[in-house]
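Trainee: Could we take a close look at just one part of this model, the surface where the protein meets the DNA? I'd like the whole picture in one go.

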There are 2 protein chains.
Amino acid sequence: MTSSRPRPATIGDIARRAGVSTAAVSYVLNDAPGGARIPEETRERVRAAADEMGYVPGAGARSLRTGARDLVLYVRSDAAQGPLASEFLHGLSRALRGLGYTLMQYGAERDRGLEAARAWAALRPAAVLADDDRLTRAGVELLAKGGVPVVGLGSDPERARGTGLSTLVMDHRAIGRAAGRHLAGRGYRDLAAVLPAGPPLRAMGGERVEGVREAAAEAGAAVRVHDMAYSPESAAEVVAGWREEGLPRGVFGYNDEFSGLLLGALLDAGVRVPEEVGLVGADDLVLCRMLRPALSSVRMDGESSSATALRIAEVIAGGAEVHLSPWTPVPVRRAT
Amino acid sequence: MTSSRPRPATIGDIARRAGVSTAAVSYVLNDAPGGARIPEETRERVRAAADEMGYVPGAGARSLRTGARDLVLYVRSDAAQGPLASEFLHGLSRALRGLGYTLMQYGAERDRGLEAARAWAALRPAAVLADDDRLTRAGVELLAKGGVPVVGLGSDPERARGTGLSTLVMDHRAIGRAAGRHLAGRGYRDLAAVLPAGPPLRAMGGERVEGVREAAAEAGAAVRVHDMAYSPESAAEVVAGWREEGLPRGVFGYNDEFSGLLLGALLDAGVRVPEEVGLVGADDLVLCRMLRPALSSVRMDGESSSATALRIAEVIAGGAEVHLSPWTPVPVRRAT
DNA sequence: TTGAAAGCGGTACCAC
DNA sequence: GTGGTACCGCTTTCAA
C-alpha cells in the first residue's frame with residue numbers, strides 16, 4: 001500500500017475525465033483558434049476537470065512541441081550583490097516577462113567555462129547573461145552554435161567586439177576618476193587608493209585605481225595603492241602602515257564598505273576625519289549615512305534600470321551584439 | 001539571405017553525421033549499458049560528431065522521456081539578502097547538486113499564491129522552496145497534487161504541521177529575547193524596540209519585539225515600541241521623539257542596519273552611546289565593526305548551512321514533512 | 001464540431 | 001551486437 005508520490009496530471013487525464021480528446025483540452029485551455037467552435041458546455045466541462053485535478057501544462061513538453069524558448073539564464077557571482085544589482089535584476093525580470101521571457105538565476109555553484117556552458121545549453125535558453133569570470137571563449141562559442149546569445153556582465157567591450165558576445169559593464173575607471181577628482185578638488189595632493197585582496201573584486205579594484213591615477217595625474221597629485229581584505233583587521237594594518245610612512249591626505253576606499261572599515265580604523269588610531277584624512281567610498285549605500293562622520297561616496301546614476309533591461313531584452317529577442325554601459329558616476333559630498 | 005538564428009543540434013543531426021542510429025548516439029554519449037558492445041571506433045566517430053556540432057542533449061526532451069525531475073525552485077524576496085542567506089543558498093545548492101538536483105532561483109517578480117504556484121508547477125520541479133508570503137493554501141495544494149513538496153521559508157511551523165508543508169524558519173522571537181536579555185543584563189530597565197515600517201520586514205519585527213518583551217518581563221523592565229523606516233530621516237524622528245519623552249536606557253534596533261541608522265541619529269543629537277543609551281542590533285554584519293562605537297549584535301549560530309541543506313535535500317528526495325529551525329541566536333557584546 | 005494522428009528531441013526496450 | 005521504434009506530454013494540422 002505504499003502510495004507513491006502523485007504524478008502531475010497530464011492532458012490525457014483531463015481529456016478522459018471530461019470525456020473529450022486531448023486536442024479539445026488543449027484548445028480550450030489555450031483558447032486556441034483551431035477549436036473555435038467548441039460549445040461552451042464542453043469548455044466548461046474541460047475547465048472543471050482541469051481545475052479539479054490541478055492540471056497545469058508542463059512547460060517542457062510544450063516547448064518541445066512548439067520550439068519556443070522562453071528561458072533567460074542569469075548567472076551571477078555573489079560579488080554582484082547590493083541594492084543596485086538587485087534593482088537591475090528586478091527591472092530586467094519585469095522587462096523580460098513583458099516580452100514573454102522568464103528569467104531564472106542559475107548556478108550558485110562556481111562552474112565556469114565549457115562545462116558550465118554545456119549545463120546552460122542543455123536548458124535550451126533564449127539567452128544567457130553571465131558574469132565575465134564564468135565565460136570562456138569555448139563556452140561562448142558552444143552557446144553561439146546553438147543560437148544562444150550571451151551577454152557578458154563586466155566583460156571588456158573592446159575584446160568582445162565582433163565576437164558576438166554582448167557586454168554590460170559598469171565603468172569602474174570612471175568611478176575611480178570621479179572619486180579621484182572629488183579628492184583632488186578638495187585640494188588633496190597626497191592620495192591613497194585601496195585594492196581589494198580577493199579575486200572577484202580585484203579586477204574591478206584595479207580599474208578603479210587606474211581611474212584615480214588619471215584624476216591624480218590631471219591634478220598633479222600622487223597616488224599610493226594598498227592591498228586590503230574585507231576585515232577590520234586588514235583595515236587596521238593599512239592604517240598602521242600609514243602611521244609609519246605618513247598619512248595620505250585623501251583616500252579612496254574602493255567602495256563604501258571597505259571605506260567604512262577604513263574609517264573605523266582611522267578613528268581608532270586617533271586620526272581626525274576629514275581634518276587630517278579625507279575619505280571617499282563608492283556605491284552610495286545607506287551605510288554612508290550611518291557612519292559618523294557621514295561618508296562621501298560616488299553614486300551610479302543612469303537611465304532607469306528597467307530601460308536598460310529593455311535594451312537587453314531586445315538583444316535577447318533580436319540576437320544582435322550590443323555593448324552597454326548605462327551608468328554614470330556622480331560624486332556625493334558628505335562630511336568626509 | 002537572412003540566415004536565421006541557428007538551432008541547437010539534435011541527436012538526429014549527430015546520428016546522421018556519424019552514420020549511425022540515434023540510439024547508438026544516445027548509448028555512446030551516456031555510455032549506457034544498453035549499447036555495451038558498440039565498437040570503440042564507432043564511439044569515436046559519434047563523439048567527434050557531437051563535439052564538432054557542439055551537441056548537448058536537451059534537458060527538456062530528456063526529462064520528458066525519463067520522467068526524472070531534477071529542478072529545485074528557490075523563490076525568495078529581496079528581504080532575505082545578506083551574507084547569511086547567501087551562505088545558506090550556496091550550501092543548499094552544493095548539497096542538492098550532490099544529490100543530483102539543480103537549484104534555480106525563480107521569480108524576482110512579486111507573483112504569489114495560486115498564480116505563482118501554477119507557474120512553478122509548469123516547470124515540473126522536484127520541489128519548491130519559497131518565502132512564506134508567496135504561499136497560499138491553494139497554491140501549496142496545487143503543488144502537492146502534482147507531487148511537489150513545498151518548503152515554506154519563514155512559515156509558521158505550528159500552522160503548517162500536518163498540512164504537508166515543510167518549514168524552515170529563523171526564530172525571531174529568540175533573537176529578540178537574546179537582545180532583550182543582553183540589554184537587561186546590563187542593568188537597563190527602560191527599553192525601546194524598533195519595528196520596521198515596511199510589509200516584508202514587519203512580521204519578523206513583530207516577533208523580535210515579542211522576544212524583547214519576554215526578556216523584559218523576566219527582568220521587570222519596560223519596553224516601548226517605535227515604528228521606523230529604513231532611512232536616516234526616520235531614525236532622526238525616532239530619536240527626536242525620545243528627546244521629548246525621555247531617552248530609553250537600552251535600545252534594540254531590529255537589526256544591524258536599522259541600529260546603524262539609529263546610532264548615527266543618536267550621535268547627531270549629542271547623545272552619548274553607550275553611556276546614556278545602549279544599543280544592540282542583530283545579524284552581526286561586518287557593519288557592526290565599521291561603526292564607532294562598535295555595535296553590539298546578535299549572531300545566528302547553527303549547524304553548518306550545508307548540513308541544513310542536506311536535511312532539506314532529504315525532504316525533497318523523500319517527500320516527508322519536516323520543520324527546521326537550525327539557527328541559535330548568540331549575543332555579541334561590543335562597545336554599544 | 002470533434003478527434004485521430006504526426007511529430008518535437010530524446011531514451012531504452014526488444015526484435016533482428 | 002546493433003539499431004528500429006515506441007513512447008514521454010503536448011500542440012496543431014487535417015479529415016471525418
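Mentor: Start with α4(B): with five residues, this helix gives the largest share of the surface near DNA strand C. Helices here are DSSP runs of H or I with at least four residues, numbered from the N terminus. Bear in mind that this is a predicted model, where local features need pLDDT of at least 70 and side-chain atom pairs count only at pLDDT 80 or more, while totals for chains, interfaces and linings use all residues. Residues are numbered from 1 along each chain as its sequence is written, chains are lettered from A and ligands numbered from 1 in the order in which they are written, and side-chain values use heavy atoms, with hydrogens and water left out.

Now for the rest of strand C's surroundings. The elements giving two or more residues to that surface are α2 (22-29) and α4 (59-66) of chain A, along with α2 (22-29) and α4 (59-66) of chain B. In total, 26 residues surround DNA strand C, and the closest are Pro39(A), Arg65(A), Arg124(A), Tyr27(B) and Arg65(B); a residue is near a strand if one of its heavy atoms lies within 4 Å of it. By class you get 14 nonpolar, seven polar and five charged residues (Ala, Val, Leu, Ile, Met, Phe, Trp, Tyr, Cys and Pro count as nonpolar, Asp, Glu, Lys and Arg as charged, and the others, Gly among them, as polar).

What does the protein touch on strand C? Of the strand's atoms within 4 Å of the protein, 60% are sugar or phosphate and the rest belong to bases. Backbone atoms do some of the work on phosphate oxygens: a backbone N or O atom of Ile11(B) sits 2.7 Å from one, a polar backbone atom of Gly58(B) is 3.2 Å from one, and for Pro39(A) the distance is 3.4 Å. Polar contacts like these are pairs of N or O atoms within 3.5 Å.

Over on DNA strand D, α4(A) gives the most, with five residues. Strand D has 25 residues around it, and Ile11(A), Tyr27(A), Arg65(A), Arg37(B) and Arg65(B) come nearest. They divide into 12 nonpolar, eight polar and five charged. Sugar or phosphate makes up 58% of the strand D atoms within 4 Å of the protein. A backbone N or O atom of Ile11(A) lies 2.5 Å from a phosphate oxygen, and a polar backbone atom of Ile38(B) is 3.3 Å from a phosphate oxygen. For a base, look at Arg65(B), with a polar side-chain atom 2.6 Å from a base oxygen of strand D.

Key: A polar contact is a pair of N or O atoms within 3.5 Å; within protein, one must be able to donate a hydrogen and the other to accept it, and residues adjacent in sequence count only if both atoms are side-chain atoms.
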